[in-house]
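Trainee: Got a minute to go through this structure with me? I'd like to start with a single residue and work outwards.
Mentor: Sure, put it on the screen.

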Amino acid sequence: MERKSAMLVIAVFAVWGAVLFQEVASAPADDYPYRNVSLSWDARVEDIVNRLTVEEMQMQMALGGPDGPAPAIPRLGIGAYQWGSECLRGDATAPGFATAFPQALGLAATFDYDLIYRVAEAISVEVRGKHNDFVKEKNFVWHTSASCFSPLINIMRDARWGRNQETYGEDPYLSGSLGTAYIKGLQGTHLRYVRASGCCKHMNVHGGPEDIPVSRFSFNAIVSEEDWRMTHLPAFKTCVDAGTLGLMCSYNRINGVPACANKKLLTDIARNEWGFRGYFTSDQAAVENIIVYHKYFNNSLDTAVACANAGCDLEIAGDLNVLPHPVYFSLVEAVKQGRVTEATLRERVRPLFYTRMRLGEFDPPEMNPYSKLTSAVVETPAHKALAVEAAMKSFVLLKNDGGLPVTGFGTIGVVGPFANTTKIFGDYSPVIPEEDKSTVLQALTPLASKVQFAEGCDEVNKKCATYDSESVIKAVTNTDANFVILGTGIIYEAEFFDRPDMDLPGHQKQLLQDVLAHSGGKPTYLLLFNAGPLNITFAHQEPSVVAILECFFPAQAAAEAIRHVLLNDVPGAVPSGRLPFTWPLLASQLPPMVDYSMKRRTYRYFEGEPLYPFGYGLSYTTFEYSNLTHSQSITAGESLSLSFHLKNSGKVDADEVVQVYIGWRDTSLPAPKIQLARFTRVTIEAGQQVIVKLEVEAKIMGLWINDGWFIKPGMMDVFVGGQQPNQKRMAGSNVLSSSFTITDMKYLGRY
C-alpha cells in the first residue's frame, strides 16, 4: 500500500500547523456520556458522533495518513489520532527499532496457525508500546498509530507479481486461516480492549500488476462473479469473522468501478452480507487515483460523493503535490448540495470512533492493561527467539539428495550476491539495531575450517548486472563443498516492481553454472532468497546440487536460523516449511498478468506439471499415514470428522504439516479441481505414532452457484497426507484417499 512518504508529513505541518495538535481540554469532557464507561460501546460512540459538526466529520474522514493526524476536537475533549501503522511482520516504517520477523510469504510457508498468532501478538505488543510513548510525546507523525494496516491477504495469483512476498500465498483457505490468526494475535484476547487494531487489505481482486504491463493505479480487474466469490473474497470474509476492525479498499477498478467507490463491495457485500461493522480505509492515494489515473471522475466533489456513499470511511491521501487537498475536503460542499447526507457522514465516522474506543483512548488508563506498555518491549529476548523459530519453520527444503543435515567441512566455497548482505529482509521491514543484523556468510563460516568467499555479482540491489566469473571460479576450486546464495531482492520484486519473467536476475544463472562447471563435482548447496518462483529446473536436475533450500526473506534471524537448520542442532530445526504457492515448471504455464480468470492459476485450477506443487516440502525424516476413518455419509451443512494414524518413520524428531484436501466428483459443478480443507502441524518423536483428529468445516464444501453459496449433494473425495494427492514430485510421506457422500442440499446464503 500506502508507500512510505515522509515528505508528506513535512507538508502537513506546513499546511495544518498547530491546529492538529491543540491541547485537549479535558475538563468539559468529563460530563459527556461518551466518557461514561458504564455505557455500551454503541451508546458512547453515538454520543460522540451526534456531537460532531459536518466540518469536524470532514476533517476526521479526510486526514487519515501522512497528511494527518485526524485533528483534535478540543471542545469535546478529543485528542488527535494518527491512523495507520505498517505491521506486516513487525512495526515497519515507524520511528525507532522493532523486531523484524520473516516476510509474510515465509510465515505462510510455516502452515502454523499458532506461530502466526504468536508473531502477531509480539508485533502488537511492540506497536502498542511504541504508540503509547509517541502519544505521551505528542508525536503523531505517520506510522505512529496503534491501528495496523495489516495483514495483506490478497491471493498470490501470478508468480511475477511484485507483492507476492507480502501475501499468505495462493490458497483462499490458507490465507483466511492465517489472516484469522494474525488478527486475533494482533488485537488480543482482552474482553474490553484491543491491543492494536487490524485492517485486512487490499479489497479486492488485487494481485497484480504493479507496473507490467500497466500501472496498478489505473488497472481495471475484470473478474467473473464465480472467481470473485470463490477466490478473491473468501479470505476477507474470514477476516471479518475473526473480528477485524478495519478493511482497506484497493487501487484498482473491479469490473469498471474503482474499489474505493464500489458500493457493491464496500456496502452490499462487506456490510450487508457479511455484517462488517468496522471501518473502510482507502489505500494511500486510492481515492485521488480515481481522478488522476482512472479518470472515473474529473473532480474531487464527485469523487468524494461516490466514495462516501459507497462506504469508504477514511481517506489516506497521497502526494499533496498532485492534488492540493485530500479529496474528502469536498464533503462539506457535498452535504450543502444534498449529494451526501449528514446521516451518511455520521455513519462513516461511527466505526472510526468505535475503533478508538476499543483501543481505550477514552477510558481511564488504569482500566486498560495495554496502556502500561512502553517502547521497552521492543526487541526483547523472547521476541528475538520467536523470530528465529519463525525463520526456521519457514524454510522449505525443495531438494535433498543426502546433503543435509551437514556435520562440518574442511574448506567450503561461499558465493553469490546474497551471501554477505543484510538485505534479506524483504519489503516493509522494521528497522533493527546493527548488532542484530546478520548474513548467510556468518551462518556458514562456523561450518568449515576455511571459507573461500566471492560475491560474484555487484551489489545485490543492482540485480547482478555485472559479473566477475574469475572470483567465483577461484572461490569454488579445491573445496569440499560449495554454497551458492542466490535470489531476488526488493528492487527486483516488491511493491511497484513486477518481474518480467521467472528467470534468475542478471548473471545469477551463469554464476551457478560456473560453480557446477569448475567445482570438480563437489557437493553444491543452493540457498534461495526470493518470493516468487524462479527458473531453477536445471539446478534441480543437476546431480551435484545435493540440496536446495528456499529461505524467502528471513529478516534479522537469518544467520542463526540457517545455521541451525543446516546442522539440525536444536529442537525444531528440521525443515518443515511447505510451499504456499505453486512453483511452475515453465513460464509458459503462466497466463497473462492482466487476465483475472482463475483458469490455469494456482493449484486449484493449474494445468500441467509444476516444478514443485503447492504444499510441497521435504524433511530430514519420513512420515507414514494410515487408518483413515470418517463418516461415509453426511447431511449438507454437517462437518466431516476425520481420524487417522501418523507415524514418524525416520530417525529424527520433527514436525509434519498435515494437509487435508477435498474434491468434487461432479465435474459439472463450478468447483476447483481440489481444495485445501484443513491443515495442522504435529510434532512427533522419531519412531513414534500419534492419532490425529480433524474436522473439515461444512462451509469449505460450499460453492458459489448463480447468486449464492450452496452445498450440493453428491460424492466427494478426501485426501490426507503431507502434500497434495497425485503429484509427480513426492515428499517424504504418503497420501491417504477416501470418499464420502453428501445428502440433501443446503443454501448457505450470500456470505
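Trainee: Where does threonine 281 sit?
Mentor: In strand E6, which covers residues 279-282. Bear in mind that this is a predicted model.

Trainee: Is threonine 281 buried or exposed?
Mentor: Buried, because its relative accessible area is 0% and anything under 20% counts as buried.

Trainee: And which residues is threonine 281 in contact with, leaving aside neighbours within four places in sequence?
Mentor: Phe149, Cys199, Leu247, Met248, Cys249, Cys312, Leu314 and Ile316.

Trainee: Okay, another threonine. Where does 621 lie?
Mentor: Threonine 621 is in the loop between helix H20 (602-605) and strand E13 (623-630). With a relative accessible area of 5%, threonine 621 is buried.

Trainee: What's in contact with threonine 621, again leaving aside neighbours within four places?
Mentor: Asn648, Ser649, Gly650, Lys651, Val652, Ala654 and Gly732. For a sense of scale, the C-alpha atoms of threonine 621 and isoleucine 269 are separated by 46 Å, and those two are 352 residues apart along the chain.

Trainee: Let's zoom out. How many helices and strands are there in the protein chain?
Mentor: 20 helices and 23 strands. The C-alpha atoms fill a box of roughly 80 × 65 × 50 Å along the principal axes.

Trainee: What's the radius of gyration, and what would a compact globule have?
Mentor: The chain has 26 Å, and a compact globule of 751 residues would be near 27 Å, so the two agree.

Trainee: What share of the residues is buried?
Mentor: 64% of the 751. As for contacts with a separation of 6 or more, 79% of them come from residues 24 or more positions apart.

Trainee: And the surface?
Mentor: The chain exposes about 25000 Å², with carbon and sulfur atoms supplying 52% of that. On the charge side, there are 67 positive and 80 negative charges, and their mean positions are 2 Å apart.

Trainee: Which residues touch the most other members in the largest nonpolar core?
Mentor: Phe483, Ile485, Tyr525, Leu527, Ile536, Trp583 and Met701, out of 246 residues in that core. Helix H5 (residues 113-136) gives the largest share of this core, nine residues. In soluble globular proteins, nonpolar side chains tend to be buried together.

Trainee: What does tryptophan 583 touch, not counting residues up to four places away?
Mentor: Its partners are Leu398, Leu528, Asn530, Pro533, Leu534, Ile536, Glu550, Pro610, Leu611 and Tyr612. Ile536 is also one of the core residues that touch the most other members.

Trainee: Back to H5. Is arginine 118 in that helix buried or partly exposed?
Mentor: Arginine 118 counts as partly exposed, because its relative accessibility is 24% and the buried class stops under 20%. Beyond four places in sequence, arginine 118 is in contact with Leu386, Glu389 and Lys393. Its C-alpha atom is 35 Å from that of lysine 728, 610 residues apart along the chain.

Trainee: New topic: helix H3. How many of its nine residues are buried?
Mentor: Eight, so H3 (residues 54-62) is mostly covered. Those buried are Val54, Glu56, Met57, Gln58, Met59, Gln60, Met61 and Ala62.

Trainee: What covers them?
Mentor: The cover includes helix H2 (41-51), helix H12 (331-336) and helix H13 (342-358). H2 has buried residues too, namely Trp41, Arg44, Val45, Asp47, Ile48 and Val49, and what covers those includes H13.

Trainee: Which peptide bonds should I look at for backbone geometry?
Mentor: The one from glycine 68 to proline 69 is cis, with omega near 15 degrees; proline 69 lies in the loop between H3 and helix H4 (104-109). Isoleucine 212 and proline 213 are also joined by a cis peptide bond, with omega about 5 degrees. You'll find proline 213 in the loop between strand E1 (199-203) and strand E2 (220-221).

Trainee: And what is phi for histidine 143?
Mentor: Near 75 degrees, a positive value in a residue other than glycine. Histidine 143 lies in the loop between H5 and helix H6 (172-187), and at 3% relative accessibility it counts as buried. Aspartate 744, not a glycine either, has a positive phi of about 70 degrees, and its loop runs between strand E22 (735-743) and strand E23 (746-749).

Notes. Residues numbered from 1 in each chain as written. Heavy atoms only, no water. Helix = DSSP H or I, 4+ residues; strand = E, 2+ residues; numbered from the N terminus. Rg over C-alpha atoms; globule rule 2.2 N^0.38 Å. Buried < 20%, exposed > 50% of the residue type's maximum accessible area, 1.4 Å probe, protein only. Contact = heavy atoms within 4.5 Å. Areas by Shrake-Rupley, 256 points an atom, 1.4 Å probe, with all protein chains shown as cover. Lys, Arg positive; Asp, Glu negative; His and termini not counted. Charge placed at Lys NZ, Arg CZ, Asp CG, Glu CD. Core = buried A, V, L, I, M, F, W, Y, C linked by side-chain atoms within 4.5 Å.
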